[in-house]
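Hi,

Here is the structure I promised to pass on. Have a look at it first, and then read my notes below.

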Amino acid sequence: LKDQRLRNTAGFERDGSVTIGYKGYNFHTELKLTDSYSKSGFFANAHGLEVRLSSIDYDKSRRNIDLPYQSVNHLKVMSHTVYQQGALALEANLAYQNNHRKELSEPISHGYMPTPPNTLEREFKKDTYTANIMMRLALNEQHMLSAGINGEYQHNRRNGWGFIIPDFETTSFGAYAFDRYTIKKDLILNAGVRYDHVTTNIHSYNDWFKTPINTTDSVYKQRSQDLHRSFNSLTWSAGINYAMGNWILKANIGKSFRVPIPKELGTDGINYHIFRYEKGNPTLNPEESYQLDLGLRWGNDKVTVQFDTYLNYFPNYIYMNPTPNYYEGLQWYYYTQSRVIRSGFELQANWKICPFLSAEAKGEYLYAEQLSGEKKGYTLPFSTPWSADMTLKYDYCQQKVGNEGFVALNFHVVGRQNNIVPPEKPTPGYYTLNLSAGKDFAFGDKKLHLSLNAENLLNRKYYDHTSFYRLIDVPEPGRNVALMAGFEF
C-alpha cells in the first residue's frame, strides 16, 4: 500500500429532499420525496490479482474512483398522515422506494468464465412498496390500546455478468394489538400479540458460460434454483414498568420472529463489500427468539445509574459460518442455523460534577454460545468483545442563548477477543483517545454552528474484531480530524 492508504476507496455523494404538507386542528399530512446518489470505489486489492494485471494507476490520486466501483441511487416517496378525534388517533404511512445499484469492474476472465463483454459485473433494481396503518384508542384512564396492520412488497431484478443474489419477490403481511395498562402512576403493565405471514419467490439462474463436469461434458452451472417459501408466526410480549422513589424498574419477556431474507436463501458469489464468498441455504427456517430484558435505573439531580441486562434463546439462529476454504483468494462463508443462547448487559453512569462540568462512564458485555450444529460450544462469528467509554465534558457560554459551546474528551477501551469461531482469528484489545467540540454563534434569528471531531488522537494502530477489514488484516483508520460548519437561516 502506498503511504498506508487503501487504494480506490474514495467516495462521492449527493442527495436532496423536499417535503410538503398540510396541518389542521385534528388532521395533518405530509409528503416527502428524497433522492440519494453515491459512488464509491471498492478496495482494489480485494479483487486479487486484477490489480497487478490492470493498467490503472491506483496510486495516482487519493480522490479518484476507478474500477472496480459501485454506484447506488435510492429514491423514496413517503406519505405520513395522522387523524385524531377525541380518544381515537389514526395514523397511516405509505412509501415507495427504488434502489438501483451497479457494480462495475474490469472485464477479466476467471476460472472457466471467458473475458466478459463489458464492465457491468452486477446490477440490481429493487422496488419496495410499504403500507403501515395503526390505531391508538384511549379506552379509559387506564387502558391505551394500539393496533395496526403492515404490508410490504419487494421486487428485485438483476443484470450483469457476475452473480451473487437472484431475482426475487417478497410479500409480507402483519397485524398486531398492544395494550398499555396503567394501574397507578408508578406501575404500568403492557402486553401485545402479533401475527406475520411472508411469501418469498426466488428465480433460478444459470451461468452464461459453460463449466466442465467431466472430461467430455460441460454445463451452464446453476447458481440459484426456483424456490417458493411461505412463513407464518405468532409472537407476543409482556412487560412491567415500576417506579419507587429514585428507582425505576423495567422488565419485558417475549417471543420474536424473523424470516430468512432472499440473500440468506439464494446468494452464491463474492461479496466485494466485505471480502468473502457467500453461499445461501434454501432450506433455512424462520429464526425465532425468546427473550427476557431487565432494566434498573437510579437517579437524582447529580447522579444517575442505568443497568440493562438481557437473555435470548434462539431455537434456530441464522448466521454466516466461516470455513477454512477460499475462492479466488477470498474466504468461503455459508448460511446455516443452530440453537444459540445469548446474554449480556449495558451499564451507564452520569455525574453532574458542577453546572458546567459532567462525566459519563458506560460499558457493555456480550456472551453467546452455540448449543448445536457444526460449531457447537463456540460463540457466534464476529461477536463483539467487552468495551467501555469514559467521557469528561465541559460546557461554556450556557447563559448566552444561541451561543452555547462544549468540549468533550473521550477514552474508549475495547477488550481482547479470544472467544472466536474457527477459523476466525483472535483480536487484541485496544484503546483510543478522542476529542469533540462544538460552538454556536447567533446572528439575530440566524445561527452558525461549528463542530470539531477528532478520533484516535494518539494515532494508534488497532483492529476492530467486528470489521470486515479484519478479514484481510487491515487495521482501523489512524488519526482523523473533521471540522464541520452549518448555517441556519
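What volume does the largest pocket have? It comes to about 660 Å³. Keep in mind as you read on that this is a predicted model.

**The pockets**

The lining of that largest pocket is made up of 30 residues. If you want to centre your view on it, go to Lys126, Gln154, Phe168, Ile261 and Pro262, which lie nearest the pocket's centre. Several elements give two or more residues to this lining: the strands are S4 (88-104), S5 (120-138), S6 (143-159), S7 (168-184) and S8 (187-202), and helix H2 (262-266) joins them. As for the chemistry, the lining has 11 nonpolar and 11 polar residues, plus 8 charged ones.

The second largest pocket has a volume of about 570 Å³. Its lining is formed by 15 residues, and those nearest the centre are Gln4, Pro475, Glu476, Pro477 and Gly478. Sorted by class, that lining has 6 nonpolar, 4 polar and 5 charged residues.

**A hairpin to look at**

Next, find strand S15 (residues 268-271) and strand S16 (residues 276-279). The two run antiparallel and are joined by 4 bridges. Asn271 is the residue that stands opposite Arg276 in S16. Together S15 and S16 make a hairpin, with 4 residues between the strands. In the turn, check Phe275: its phi is positive, at about 60°.

**Salt bridges**

How many salt bridges are there in the model? The count comes to 18, and three of them caught my eye.

Start with Glu91 and Arg136, whose closest N and O atoms are 3.3 Å apart. This pair links distant parts of the chain, with Glu91 in strand S4 and Arg136 in strand S5, 45 residues apart. Are the two partners buried or exposed? Glu91 has a relative accessibility of 16%, so it counts as buried, under the 20% cut-off. Arg136 is at 30% and therefore counts as partly exposed.

The second one pairs Arg122 with Glu103, at 3.2 Å from N to O. Arg122 lies in strand S5 and Glu103 in strand S4, so this salt bridge ties together parts that are 19 residues apart in sequence. Arg122 counts as buried because its relative accessibility is 4%. Glu103 counts as buried too, again at 4%.

The third takes you back to the hairpin: Asp268 forms a salt bridge with Lys279, with 3.3 Å between the closest N and O atoms. Asp268 belongs to strand S15 and Lys279 to strand S16, and 11 residues separate them in the chain. Asp268 is at 5% relative accessibility, so it counts as buried, while Lys279, at 30%, counts as partly exposed. Which residues make up the network that this pair belongs to? Salt bridges with shared partners join Asp268 and Lys279 to Asp207 and Arg223 in one network.

**Where to look**

If you're short of time, I'd go to the centre of the largest pocket, around Lys126 and Gln154 among others, then to the S15 and S16 hairpin, and finish with the network that includes Asp207 and Arg223.

Best wishes

Terms used. Residues numbered from 1 in each chain as written. Predicted model: local features only at pLDDT ≥ 70, side-chain atom pairs only at ≥ 80, totals over all residues. Heavy atoms only, no water. 1 Å grid on protein atoms, 1.4 Å probe; cavity = no way out; pocket = protein on both sides within 12 Å on 5 of 7 lines; lining within 4 Å. Points joined across faces, edges and corners; volume = space filled by probe spheres on them. Nonpolar A, V, L, I, M, F, W, Y, C, P; charged D, E, K, R; others polar. Pairing = 2+ DSSP bridges. Salt bridge = Lys/Arg side-chain N within 4 Å of Asp/Glu carboxyl O. Buried < 20%, exposed > 50% of the residue type's maximum accessible area, 1.4 Å probe, protein only.
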